[in-house]
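Work through the exercises below with the sequence and the model side by side. Each task is followed by a solution in steps.

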Amino acid sequence: VDGIAPALPVVGADTLVPLVDGRRVPYANLDVAASAPALEAVADHVARVLPLYASVHRGAGYLSQVSTALYEQARRTIGAFVGARDDDGVIVTRNTTDALNLLAGCLPADPATGQPGRVLVLDIEHHANLLPWQRTTDTTVLTGGPSVAATLAALRDELRESGPYALVATTGASNVTGESLPVAAVVEAAHAAGARVVLDGAQLVPHRPFSLAETGVDYVAYSGHKTYAPYGAGALVGRRDWLDAGTPYLAGGGAVKRVRVTETAWHDGPARHEAGSPNVIGAVALAAAADALRAVDPAELALHEAALRDRLVVGLGNLDRVQVVRCWDDAVDPVGVVTFTVTGYDPGLVAAYLSAEHGIGVRDGRFCAHPLLGRLGFDAGAVRASVGVGTPGSDVERLIAAVAALVEHGPQAQYDVVDGLWVV
Ligand code: PMP
């Protein structure tokens, strides 16, 4: 895939990084599942609106009005990006973790028990879609079955035991393997049992069109820094009833209608959960990324990513001693995340070698998905390469060649563990 160009231009694509032998080479960023570089269109837009920045919602000055309009327009764009229904709430959060914690605080009590209903999650989830539920409510963690079909059957079984206040919290795409359960099937099973569905969209919405209205998913959470916007903003979008009745996520200015010394009347709507000065620039960047992604034919983006992913799976999978991590054999249309191990080498060493000797950035470890890595037998961790709209095919070829060289000749430099990190 050497000749494949990025599908969309991102900033920093020509950054040079130093190697251990003193050379400087273009950085191959194969860690976009952790944080994706911003689109050029996003960086340009942010630079244009930065001078218009003034206090939001509370100021009467002209620029305050402009900032407020930009923020509220960004909210509408963010909602449209995930296909929000007319009456869905769109709350700007810090990231996916923040969004899921917010929802966890809004689970209504089941009148039969006085407690929030059960939450069902698979053990393949990122900790962000496991720990908020574990902390708040009665959470059932299902072990992913050997196949998608078996896992869905287990989920359906479990849903029979759940009341109408149950919630299925499921990933749109695993940050370890890129795989997921089919959303339509999860929604059908959950709704048939009277339960709702929240989708962890962190790894899905940067890569595929997604619509709450079309899928029937009740809530979606995602992060700007994985969706080609800079850090700082994410979103929770979904059904307003639980959000409007939930405990305000933060207590403070902006979330209230009226305050007396002893009592407070909280707003409904997004303001209820957005106390404090809002992140206007973060929201504007998130919306600009949504606009830029939606301006391109999604089939073109999916094709670009599938070509890179397929090449990684085949190119790495064909190397001796390299094992590619999968949850299921029958998962369809995984996103561009490929996790692997190289027998005989600690994943931390592999990642350090790729950086120091080849200028390639990957992630190693257990990817905030300890239960999954443990169940699949990768307690010592693994190495993850991930691609996005800004990834050229040549970066993928560089990785495959570098791993092939490691398998054949071993690392050329000396590596050591210092404070738990592999370094040259
Ligand atoms: N869910 C998934 C699937 C993720 O990949 C991540 C980030 N690695 C998160 C949730 C958490 O995202 P954030 O750190 O932006 O809150």
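**Exercise 1. Which residues of helix H3 are buried, and what covers them?**

Step 1. Fix the terms. Helices (H or I, at least four residues) and strands (E, at least two) are DSSP runs, numbered from the N terminus. A residue is buried if 20 or more other C-beta atoms lie within 10 Å of its own, exposed if 12 or fewer, and partly exposed in between, with C-beta atoms placed from the backbone.

Step 2. List the residues. Thr96, Thr97, Asp98, Ala99, Leu100, Asn101, Leu102, Leu103 and Ala104 are the buried residues of H3.

Step 3. Draw the conclusion. Because 9 of the 9 residues of H3 (residues 96–104) are buried, this helix is largely enclosed by the rest of the structure.

Step 4. Find the cover. Two residues are in contact if their C-beta atoms, placed from the backbone, lie within 7 Å. The elements that cover the buried residues of H3 include strand E4 (88–93), helix H4 (131–136), strand E8 (196–200), E9 and E10.

A note on the model: it is predicted, so local features need pLDDT of at least 70 and side-chain atom pairs count only at pLDDT 80 or more, while totals for chains, interfaces and linings use all residues. Residues are numbered from 1 along each chain as its sequence is written.

**Exercise 2. Describe the residues around the ligand.**

Step 1. A residue is near a molecule or strand if its C-beta atom, placed from the backbone, lies within 6 Å of it. There are 14 residues around the ligand, and Asn95, Thr97, Asn175, Ala202 and Ser223 come nearest.

Step 2. Link this to Exercise 1: Thr97 is one of the buried residues of H3.

Step 3. Sort by class. Ala, Val, Leu, Ile, Met, Phe, Trp, Tyr, Cys and Pro count as nonpolar, Asp, Glu, Lys and Arg as charged, and the others, Gly among them, as polar. The shell around the ligand then has 4 nonpolar, 9 polar and 1 charged residues.

**Exercise 3. Examine helix H11 and its surroundings.**

Step 1. Check the length. The expected span of a helix is 1.5 Å times one less than its number of residues. H11 (residues 347–358) has 12 residues and reaches 16 Å from its first C-alpha to its last, close to the expected 16 Å.

Step 2. Check burial. Of the 12 residues of H11, 11 are buried, including Pro347, Tyr353 and His358.

Step 3. Name the packing partners. Among them are strand E14 (337–342), strand E17 (382–386) and helix H13 (393–409).

Step 4. Look past the end. Gly359, just after H11, takes a positive phi of about 70°.

Step 5. Look for a loop in contact with H11. Val20 lies in the loop between strand E1 (16–18) and strand E2 (24–26). Leaving out residues up to four places away in sequence, Val20 touches Ala356, Glu357, Ala413 and Val424. Val20 is partly exposed because 17 other C-beta atoms lie within 10 Å.

**Exercise 4. Are Tyr228 and Asp419 buried or exposed?**

Step 1. Recall the background. Most residues other than glycine have a negative phi.

Step 2. Take Tyr228. Its phi is near 70°, a positive value in a residue other than glycine. Tyr228 lies in the loop between strand E9 (219–223) and strand E10 (234–239). Tyr228 has 30 C-beta neighbours inside 10 Å, so it counts as buried.

Step 3. Take Asp419. This residue is not a glycine, yet has a positive phi of about 50°. Asp419 lies in the loop between strand E18 (416–418) and E19. With 5 C-beta neighbours inside 10 Å, Asp419 counts as exposed.

**Exercise 5. How is the chain built as a whole?**

Step 1. Count the elements: the chain has 13 helices and 19 strands.

Step 2. Compare with the globule rule, 2.2 Å times the number of residues to the power 0.38, with the radius of gyration taken over C-alpha atoms. The radius of gyration is 22 Å, close to the 22 Å that the rule gives for 424 residues, so the chain is as compact as a globular protein of that length.

Step 3. Add the burial: 48% of the 424 residues count as buried.

Step 4. Consider contacts between residues at least 6 apart in sequence. Of these, 71% join residues at least 24 apart.
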